[in-house]
Amino acid sequence: MGLLRLLRRPPALWARSPTRGLPSPIWAQHPPPCRPSGGRPYKAVIFDMGGVLIPSPSSVATEWEASNHIPSGTIIKALVAGGEKGPWMRFMRGEMTVEGFLQAFGTQCSEMIKLPVPVGSFFSLLTSGQVAKQFSVMTEAINRIRAEGLKTAVLSNNFYLPSGESFLPLDRKQFDVVVESCLEGICKPDPRIYKICLQRLQVEPTESIFLDDLAHNLKAAAQLGIHTIKVNDAESALKELETLLGFSLRKIIPNTCSVRKTMEIPRDSLEKYLKNFLGSQAAVSGPMEVLQFSHGQSNPTYSIRLANHHLVLRKKPPGKLLPSAHAVEREFRIIKALHDAGLPVPKVLDLCEDSSIIGTPFYLMEYCPGQIYKEASLPGLDPSQRKAIYTAMNQVLCQLHRVDVKAAGLEDYGKHGDYVQRQVQTWTKQYRATETSTVPAMERLIEWLPQHLPKAQKATVVHGDFRLDNLIFHPEKAEVLAILDWELSTLGDPLSDVAYNCMAHYLPSDFPLIKGLSDLDVTQLGIPTAEEYFKMYCRQMEIPAAENWNFYMAFSFFRVAAILQGVYKRSLKGQSSSAAAEQSGKLVEFMSNLAWDFAVKEGFRIFKGLPTPKLSTRAYGVWASRRPPLLPGGTRSLATASKAPQAAAPKGVLIISPEALPEPVRELHGRLEKFIETHVYPIEQDLRNHQMSEARWTPAPQIEKLKEKAKSEGLWNLFLPVETDPERKYGAGLTNLEYAHLCELMGKSLYAPEIFNCSAPDTGNMELLVRYGTELQKTRWLLPLLDGKIRSCFAMTEPQVASSDATNIESSIREERGGYVVNGHKWWISGILDPRCQLCVFMGKTDPHAPRHQQQSVLLVPMETPGIKVIRPLSVYGLEDPPGGHGEVLFENVWVPKDHLVLGPGRGFEIAQGRLGPGRIHHCMRLIGYSERTLALMKERVKSRVAFGKPLVEQGTILADIAKSRADIDQARLLVLKAAHLMDVAGNKAAALDIAMIKMVAPTMALRVIDRAIQAFGAAGLNSDSPLAQFFSWARALRLADGPDEVHRATVARMELKR
């Protein structure tokens, strides 16, 4: 079917998405190597550039010399003069600039013929786009070689252009490896450059073929064991290459390759059948050519050439098949009927139900030449052309859905009514029949879909697999010539075709099966959005837009997941027609998770449409008039309304899923998630290594680089709550609840918060300055902190007293000499060792005789002030956490001006409490992020490891731990989100109980989850090869940071007793 067309050889590896569970890597870059009739398996073909792929310098020189009246052979003699030390060879090794080469080369030529030679003119011609064009026959050959699964490389003696770029007028995407002499500093025929090429191709010399036009280059390659071909002319060289490889390199039929071994068909009996069917037209003919189309994965599809006939054969796959699947008889019937009705479909010629011919029933149709667009983004076209292509696709879909089924003789082609219900049942049944392991999202969908079926369904002809790459377009205009792949067609709900047609809009551009559009700007490309495409369809069909669009999308992705499961099961038996189909099983979970995402959206739409219930007298009442849908993680999607009188209308709903966030915040959440997956996860190991290196007390350059990128993308200073910064002067203007969802994302990597300038202690200190700082203090400290130019620390904890009781602190702040003098011994001062740390927010006593909670004050102490002495860095379970670290520090007679005091004397306890509320929410949401990432790593680990004869994932204790972790995480998340919500609607003071509860619950929850994962990892969970050890250390530390568990438990108990 169409979606699987690209299974054969995707263009690139695809990295794992932590939130989707997509494995990485899953595809080999190439199918198995070609083995020609001689038995030698070649794996790579290496091409020289000049004289093989583009005109050689000698042929260009001959033409130029004639037109410029220069004696013939002058240029070539000058090029070879001097040998390895000559200007030409030095130029190709990158040792000379263009200017230096032309000067030396011009002198050389002029001395030869005693006349001035305008070598600049020759160089311009040699490098011009008019001359330096790749031979089309070579382009076709390279495409065919790659289609057969071999690697390709270009090994060129080339040079730098005046622009600084290397001269390589080729499409680099054609080659797996590009080796350029000017970059390597080595030229052919030096054996080292051949070895570099072989090493990068990862092939042996005897597994490769090298084409060059110069004998001495070929000799050097042959001495290494590489098979060589001398290129005097392209045609002869390609004929020799075809002999070695065992397949044709010319007259390429697009999207075809040699027939796979498991998909071979009996050629003699087929040829006899065709000659009999075609009659005298094929009585005298050459050999029959059979190729396999890379699309048509479910039903194998072949290109057949016999005499002057070009046919397409489509058959059932071999082996035992599921009931009603792969019905080529139905395909033949529908295509014939639609062709007669005027639809653009191939012309079918014959249906053969005699399995004795090639082993299964098949049908024949005429080959339809034209353009098939494999990529939804339509690269190479301009916006207007893309729009026209999508419009034509939409129009032909409408044309299909307008077919009069009775007039076309298709009234009995399918059942009328309840199409979606029957489809859900069918695909559920087929999924169950091919199920190889439990996929949680599929289980949820199987339960959810039948409960949310559309009430009214129109019955038309539906294609069942309608998509861009199942259409053949006119090569010169936006016109659909043929609709392909009718295996899944029937009578049914036309909106299912429209939704299926829009799936590419929700897949990323690097998705291995088909390059999607979800991370591209479709408007800029000229492609309609999914919503616009759907509205275009509704306008042409003159129907109202359906409200339950998300249901149809969920159904479409569910159906594809079921199909992929079937392809995977057949691949295990060698029955699938796709070379990479056996990997499709690994995509089932990804596609089913996408389906579940749409189910969640549909659940929210239904939920929002329910009448508002009467809330209970408790502070929180759950709207539970119907069972809400499950989220992908297993939680329930519901809303809780606060009755607090302070609540503003927009803040009255507790949002527990990113899907329900306001559109701008949801978009921000998506961009943040993509940034972390794309840029942060890939460098985590490097950052962990940096933290253990000698340079660990200096900032990691990668983080500094990503900070600038995050800032440029608007992912910066997200933490400041809107009530603190209502004018959005300093931050993103998010509520605590909205930021909590973003904070969880950042918590999935220990390094992410700093990259987005959202890391402690800076966030607390910045919020302190926004809330309580003077304009002078904000200018000096807040603005550089917001800009990420400096960092800060917060000094409160002391080694001599129990600092969990802030009133115990003994450090002094004395007023003298027109300012304040600070003395004290502090420790666990996070961030103070960072060379960028320029501000210490210091808490000490200004008046020991004042009421208990009015003795403390907060002072802003510049780190360059004399008297500050860092005694040592402190480690957390042996981890120093550089470059910021955690310091033990002495403050000895540190004098600061009076205007560095925050808010006023005796206000320190008030300031500290105001600072800690949001900080505790941030810590707890990051702990949720730790835990989610940990659980994802655990699941990945146990799926890949085997112990005592079976995978870890099948061990009962592992399953129990996974279940416990999921429940623990979701429970803690709900509690944290509730606290954030209360802070928004009732204020930090009113949320004190909830803040204490989350600080009591989240660290211990995270410790349990991380500990279970470490047990599953075994010894690997203890080292720095994964984030688990650091996660565990920080989760344990957070049972003490911002107050120990005992304090929070006591707070909760006292408040509970007062209720």
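This is a friendly dialogue about reading a few features of a predicted model.

Trainee: What should I know before I start?

Mentor: This is a predicted model, in which local features need pLDDT of at least 70, side-chain atom pairs count only at pLDDT 80 or more, and totals for chains, interfaces and linings use all residues. Residues are numbered from 1 along each chain as its sequence is written, and side-chain values use heavy atoms, with hydrogens and water left out.

Trainee: How many helices and strands are in the chain?

Mentor: The chain holds 32 helices and 26 strands. Both are DSSP runs numbered from the N terminus: helices are H or I with at least four residues, strands are E with at least two.

Trainee: What percentage of the residues count as buried?

Mentor: Buried means under 20% relative accessible area, exposed over 50%, and partly exposed in between (1.4 Å probe, protein chains only). Of the 1059 residues in the chain, 57% count as buried.

Trainee: Which residues of α23 are buried?

Mentor: The general idea comes first. An α-helix has 3.6 residues a turn, so residues three or four places apart point the same way. In α23, the buried residues are I703, L706, K707 and A710. They cover an arc of only 115 degrees around the axis, which puts them on the same side of α23; the arc is that of the directions from the helix axis to the C-beta atoms. On the face turned away from the buried side of α23 sit the exposed residues P701, K705 and S712.

Trainee: What covers the buried residues of α23?

Mentor: The cover includes α21 (663-680), α22 (684-690) and α25 (752-755). Contact here means heavy atoms within 4.5 Å. After α23 comes G714, with a positive phi near 75 degrees.

Trainee: Why is α31 described as largely enclosed?

Mentor: Seven of the ten residues of α31 (residues 1028-1037) are buried, so the rest of the structure largely encloses this helix. Among them are F1031, W1034 and A1037.

Trainee: How many cavities of 30 Å³ or more does the structure hold?

Mentor: On a 1 Å grid over the protein atoms alone, a cavity is a set of points where a 1.4 Å probe fits but cannot get out, and lining residues have an atom within 4 Å of a point. Grid points are joined across faces, edges and corners, and a volume is the space filled by probe spheres set on the points. The structure holds five cavities of 30 Å³ or more, and the largest has about 100 Å³ of space. Of the 16 residues lining the largest cavity, A376, Y390, L468, N501 and A504 are the closest to its centre. Two or more lining residues come from each of α13 (383-401) and α16 (494-501).

Trainee: Where do unusual backbone values turn up?

Mentor: Most residues other than glycine have a negative phi, and most peptide bonds are trans. H69 is not a glycine, yet has a positive phi of about 55 degrees. H69 lies in the loop between α1 (57-67) and α2 (74-80) and is exposed, at 71% relative accessible area. W828, also other than glycine, has a positive phi near 55 degrees; W828 is in strand β20 (residues 819-830) and counts as partly exposed at 34%.

Trainee: Which residues are joined by a cis peptide bond?

Mentor: One such bond joins A760 and P761, with omega about 0 degrees, and P761 lies in the loop between α25 and α26 (762-772). Another joins P882 and P883, with omega about 5 degrees; P883 is in the loop between β23 (868-873) and β24 (886-897).

Key:
On a 1 Å grid over the protein atoms alone, a cavity is a set of points where a 1.4 Å probe fits but cannot get out, and a pocket is an open set with protein on both sides within 12 Å along at least five of seven lines; lining residues have an atom within 4 Å of a point.
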